[in-house]
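Ready for some practice in reading a protein model? Work through the exercises below with the structure open, and try each task before you look at the solution.

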Amino acid sequence: MAQTSVVAPEVGMAAAAAATTACPCPGSLFPYPPPRAGPGMTVRRKCLRAAQAELGAGLLNGLVESMRASSPTHARAAAALAAGVDEEHAAWMAKHPSALGKFEEIVAASKGKQIVMFLDYDGTLSPIVNDPDAAFMSETMRMAVRSVAKQFPTAIVSGRCRDKVFEFVKLAELYYAGSHGMDIKGPAKSSSGHAKSKAKGVLFQPASEFLPMIEQVTQRLVEETRHVPGAKVENNKFCVSVHFRCVDEKSWASLAETVKCVVREYPKLRVSQGRMVFEVRPSIKWDKGKALEFLLESLGFADCSNVLPVYIGDDRTDEDAFRMLRQRTGQGVGILVSKHPKETSASFSLQEPAEVMEFLLRLVEWKQLAKARLRLRRRAAGADAASA
């Protein structure tokens, strides 16, 4: 990235959440398996009771059901049990049709407008895998993204740490918004000249003051989740991810309670749930939708009608971006990546990363053909003028 970065002013922080009674969890690690008795075990029981009191039995059960719903294994099982519910899927597809099947409609909406591409990473450009450190994108997908970036301004918007997602993608000509949009940096180079000068070297980190707190809560979560086999805590700089993809379902309730218990000690942080992951992040008015707006403004398209943002993502955190596009009424395209019907504010759908790649390549081909036709028209007009 360029050394002479333009630092945008920080956004106003949301008011801190009201202080809650401190959770009695001690900072030291409880041994696993836990002892049958003793003061440490008493404190842990108090902690779990406090978490249950805060959540309520119904809400905790709802959280576990939500964890089940985000599990591909359960999704497949549910699909098998509901083999006769084709009508429901058909109704969902009618509401969120394939972006490939509606490709001509999508590009027609871009007439006279600049397309700007926004892409999630995990589950969109790369497959979902058990080990988050092994979520590599294919070389063919990388070539597709590079080709898109030559035609349109392109940004990766991910819950991952910005440096980590850059190591996966390895394309310097893109914008990167890591930590759910809380760490944004512009391209080190431009491959096509479409980016405006004010967007080059942009750097925006609205949650910088939370870095020490994120470090602390990461350590606490690492300590307190060691007793849950398969749980993985990932520090994404401005947020923390607790992955439970490899956790036995019988331990999900315990893990949910543990995460909630730890976060209760930090009133300025909040917990949300993604695709087989808990996300712990600052309680500020900032998300992927806000990041999308910021990048459009950085590119010179604030409150413009001559731009068509296209956002492709698969996770719940992408819904903030989809909702923002909905608010732009006819001025944006949200595409959800999912094989199964789910509540979404996206307008269209794609089933998996392979379809995402096909959509990107079709978009590149369409743009190249449009440019070729324009060149031919100009040559014909020039020939007509010369013969007149």
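## Getting your bearings

The protein chain holds twelve helices and 13 strands. Keep in mind that this is a predicted model.

**Exercise 1.** Find out how much of the protein chain is buried and how its contacts are spread along the sequence.

*Solution.*
- Step 1: Start with burial. The protein chain has 388 residues, and 48% of them count as buried.
- Step 2: Turn to the outside. About 18300 Å² of the protein chain is exposed, with carbon and sulfur atoms supplying 54% of that area.
- Step 3: Look at contacts with a separation of 6 or more. Residues 24 or more positions apart account for 66% of these.

## Two helices

**Exercise 2.** Check whether the end-to-end distance of helix α6 agrees with its number of residues, then find what covers its buried residues.

*Solution.*
- Step 1: Helix α6 covers residues 139–151, which makes 13 residues.
- Step 2: The expected span is 1.5 Å times one less than the number of residues. For α6 this gives 18 Å.
- Step 3: The end C-alpha atoms of α6 are 19 Å apart, which agrees with the expected span.
- Step 4: Now pick out the buried residues of α6: Met 141, Arg 142, Ala 144, Val 145, Val 148, Ala 149 and Gln 151.
- Step 5: To read such a list, recall that an α-helix has 3.6 residues a turn, so residues three or four places apart point the same way.
- Step 6: Finally, look at the cover. It includes strands β2 (114–119) and β3 (154–157), along with helices α7 (162–169) and α12 (353–387).

**Exercise 3.** Is helix α10 mostly covered or mostly uncovered, and what caps its N-terminal end?

*Solution.*
- Step 1: Helix α10 runs over residues 288–298, and eight of its eleven residues are buried, so the helix is mostly covered.
- Step 2: Those buried residues are Lys 288, Gly 289, Ala 291, Leu 292, Phe 294, Leu 295, Leu 296 and Ser 298.
- Step 3: At the N-terminal end, Asp 287 is the cap: one of its side-chain oxygens lies 2.9 Å from the backbone nitrogen of Gly 289.
- Step 4: Just after α10 comes Gly 300, with a positive phi of about 90 degrees.

## Around helix α7

**Exercise 4.** Describe the surroundings of Arg 162, a residue of helix α7.

*Solution.*
- Step 1: Residues under 20% relative accessibility are buried. Arg 162 has 9%, so it counts as buried.
- Step 2: The side chain of Arg 162 makes a polar contact of 3.1 Å with the side chain of Asp 183.
- Step 3: Leaving out residues up to four places away in sequence, Arg 162 touches Tyr 176, Gly 178, Asp 183, Ile 184, Lys 185, Leu 203 and Gln 205.

**Exercise 5.** How many aromatic pairs are there, and what parts does the pair of Phe 166 and Tyr 176 tie together?

*Solution.*
- Step 1: Count ring pairs whose centres lie within 6.5 Å. The count comes to eleven aromatic pairs.
- Step 2: One of them joins Phe 166 and Tyr 176, with 5.2 Å centre to centre and 75 degrees between the planes, which makes the pair edge-to-face.
- Step 3: Phe 166 lies in helix α7 and Tyr 176 in strand β4 (residues 175–178), so the pair ties together parts ten residues apart in sequence.
- Step 4: Compare accessibility. Phe 166, at 28%, counts as partly exposed, whereas Tyr 176, at 1%, counts as buried.

## Positive phi outside glycine

**Exercise 6.** Lys 170 and Ser 179 both have a positive phi without being glycine. Is each of them buried or exposed?

*Solution.*
- Step 1: Phi is near 60 degrees for Lys 170 and near 50 degrees for Ser 179.
- Step 2: Locate them. Lys 170 is in the loop between α7 and β4, while Ser 179 is in the loop between β4 and β5 (183–185).
- Step 3: Lys 170 has 52% relative accessibility, so it counts as exposed.
- Step 4: Ser 179 has 0% relative accessibility, so it counts as buried.

How values were computed: Residues are numbered from 1 along each chain as its sequence is written. This is a predicted model: local features need pLDDT of at least 70, side-chain atom pairs count only at pLDDT 80 or more; totals for chains, interfaces and linings use all residues. Side-chain values use heavy atoms; hydrogens and water are left out. Helices (H or I, at least four residues) and strands (E, at least two) are DSSP runs, numbered from the N terminus. Buried means under 20% relative accessible area, exposed over 50%, partly exposed in between (1.4 Å probe, protein chains only). Contact means heavy atoms within 4.5 Å. A polar contact is a pair of N or O atoms within 3.5 Å; within protein, one must be able to donate a hydrogen and the other to accept it, and residues adjacent in sequence count only if both atoms are side-chain atoms. Accessible areas come from the Shrake-Rupley method with a 1.4 Å probe; for residues, only the protein chains shown count as cover. Rings of Phe, Tyr and Trp (its six-membered ring) pair if their centres lie within 6.5 Å; planes under 30 degrees apart count as stacked, over 60 as edge-to-face and the rest as tilted.
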